[in-house]
Amino acid sequence: QGGLAAFTQAYFVRAFGLSYGQVGLLFGLSGGIASAASLIITGRLTDRGAIADVRWHAWWPIVGVALSIPCSIMAYTVGTWPIAVAWSFANSFFIGWFILPTLSALHKLVGVRLVATGMALVLMFQNLVGLGGGPYVTGVIIDLASQHLYSLHWLGQFATSCPGGAAHAGAATSAARACHAALVDGTRTGLLFTTVIRVWACAHYAWASRYVLRELGPIGKEARIATAG
């Protein structure tokens, strides 16, 4: 998610010619509304679902992340920016479904005494891997894809012919278009690759659901009561 957050706005600027001010306003409003709605709805869903089966702490994230994948793919492949923003809104809504169920399960699993430590570990890995490594990996893929696409179609070195993603000052119109096309397609490729990684996240939540049942289900509760007694 960190990789997408770092380069989605840049993609809209490159692909649709929007200004960063326009993109900031669009995503600030749509993303804020989508995230708020996502948290409110998943909070209610988790509270109700967990009463029947504690595995909903892991199942709701699977549902949300799985639904976010096609939304994200559509956002980076449609040809008009209003439709792309609408798909990005849907993506922001569904991707947020993992937050509250995950934190709720964490609080219940570690208990009151270790909540702070558990949260610290989650945030540490989220920042190091997601927010720290995500933008770097996505950026590398964008660079490699842009270079490959430019070399494939125009038989040159992207970094040399298009420093900073744009043609040299005074370059021919065809050269400027080639640089822009390679940059847009490379950015799209990096974002799509990062999106597909969410399948891996769904697999991990499916795996975790077994342990959530063991630790928070009736047997797990009985074991904790016996230990406390």
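## A charged pair in the closing part of the chain

Let us begin with Glu215, which is partly exposed, its relative accessible area being 33%. Its salt-bridge partner is Arg214, and the closest N and O atoms of this pair lie 3.4 Å apart. Arg214 counts as exposed, at 52% relative accessibility. Please keep in mind while reading that this is a predicted model.

## The other salt bridges

How many salt bridges does a search of the whole structure find? The search gives three. In general, side chains of opposite charge can pair when their charged atoms come close. Besides the pair described above, Arg55 and Asp53 meet through their side chains in a salt bridge, at 2.8 Å from N to O. Here Asp53 is buried, with 17% relative accessible area, whereas Arg55 is partly exposed at 26%. Asp53 falls in the buried class because its 17% is under the 20% cut-off.

Arg188 and Asp185 also join their side chains in a salt bridge, again described by an N to O distance of 2.8 Å. Both residues belong to helix H8, where they sit three residues apart, about one turn of the helix. Asp185 is partly exposed, with a relative accessible area of 32%.

## The chain as a whole

Stepping back, the secondary structure consists of 10 helices and zero strands. Read from the N terminus, the order of elements is therefore easy to remember: α-α-α-α-α-α-α-α-α-α. The C-alpha trace spans about 80 × 30 × 25 Å along its principal axes.

The chain has 229 residues, and 37% of them count as buried. Its accessible surface amounts to about 12,700 Å², with carbon and sulfur atoms contributing 72% of that area. Among contacts with a separation of 6 or more, 72% link residues 24 or more positions apart.

## Confidence along the chain

How does the predictor's confidence look here? The mean pLDDT of the chain is 87, and 94% of the residues reach 70 or more. Among the elements, helix H4 (residues 81-95) has the highest mean pLDDT, at 95, and helix H10 (residues 218-228) the lowest, at 46. Over residues 222-229 the pLDDT is below 50, and this stretch has two contacts in the model beyond near neighbours in sequence.

## Helix H8 and its surroundings

Helix H8 covers residues 173-196, which makes 24 residues. From first C-alpha to last it reaches 35 Å, close to the 34 Å expected at 1.5 Å a residue. Its buried residues are Ala178, Cys179, Ala182, Leu183, Val184, Gly186, Thr187, Gly190, Leu191, Thr194 and Thr195. Their cover includes helix H1 (2-16), helix H3 (56-75), helix H6 (115-154), helix H7 (158-161) and helix H9 (198-216).

Thr194 makes a good close-up. This residue lies in helix H8 and is buried, with a relative accessible area of 11%. Which residues does Thr194 touch, not counting those up to four places away in sequence? They are Leu4 and Thr138.

## Helix H3 and its surroundings

H3 has 20 residues and reaches 28 Å between its first and last C-alpha, close to the expected 28 Å. The buried residues of H3 are His57, Ala58, Trp60, Pro61, Gly64, Val65, Ser68, Ile69, Cys71, Ser72 and Ala75. Cover for these residues includes H1, H2, H4, helix H5 (99-110), H8 and H9. H8 is thus listed in the cover of H3, and H3 is listed in the cover of H8.

## A nonpolar patch and a stop in helix H2

Which residues make the nonpolar surface patch of about 510 Å²? Leu121, Met124, Phe125, Leu128 and Val129 form it. Leu128 is found in helix H6 and is exposed, with a relative accessible area of 57%. That value places Leu128 in the exposed class because 57% is over the 50% cut-off.

Finally, Ala37 sits in helix H2 (residues 20-52). Is Ala37 buried or partly exposed? At 27% relative accessibility, Ala37 counts as partly exposed. Ala37 and Gly49 are 12 residues apart in sequence, and their C-alpha atoms are 18 Å apart in space.

Definitions and conventions:
Residues are numbered from 1 along each chain as its sequence is written. Side-chain values use heavy atoms; hydrogens and water are left out. Helices (H or I, at least four residues) and strands (E, at least two) are DSSP runs, numbered from the N terminus. The expected span of a helix is 1.5 Å times one less than its number of residues. Buried means under 20% relative accessible area, exposed over 50%, partly exposed in between (1.4 Å probe, protein chains only). Contact means heavy atoms within 4.5 Å. Patches are made of residues with over 30% relative accessible area and no salt bridge: like charges are joined within 9 Å, nonpolar side chains (Val, Leu, Ile, Met, Phe, Trp, Tyr) within 5 Å. Accessible areas come from the Shrake-Rupley method with a 1.4 Å probe; for residues, only the protein chains shown count as cover. A salt bridge is a side-chain nitrogen of Lys or Arg within 4 Å of a carboxyl oxygen of Asp or Glu. pLDDT is the predictor's confidence in each residue, from 0 to 100.
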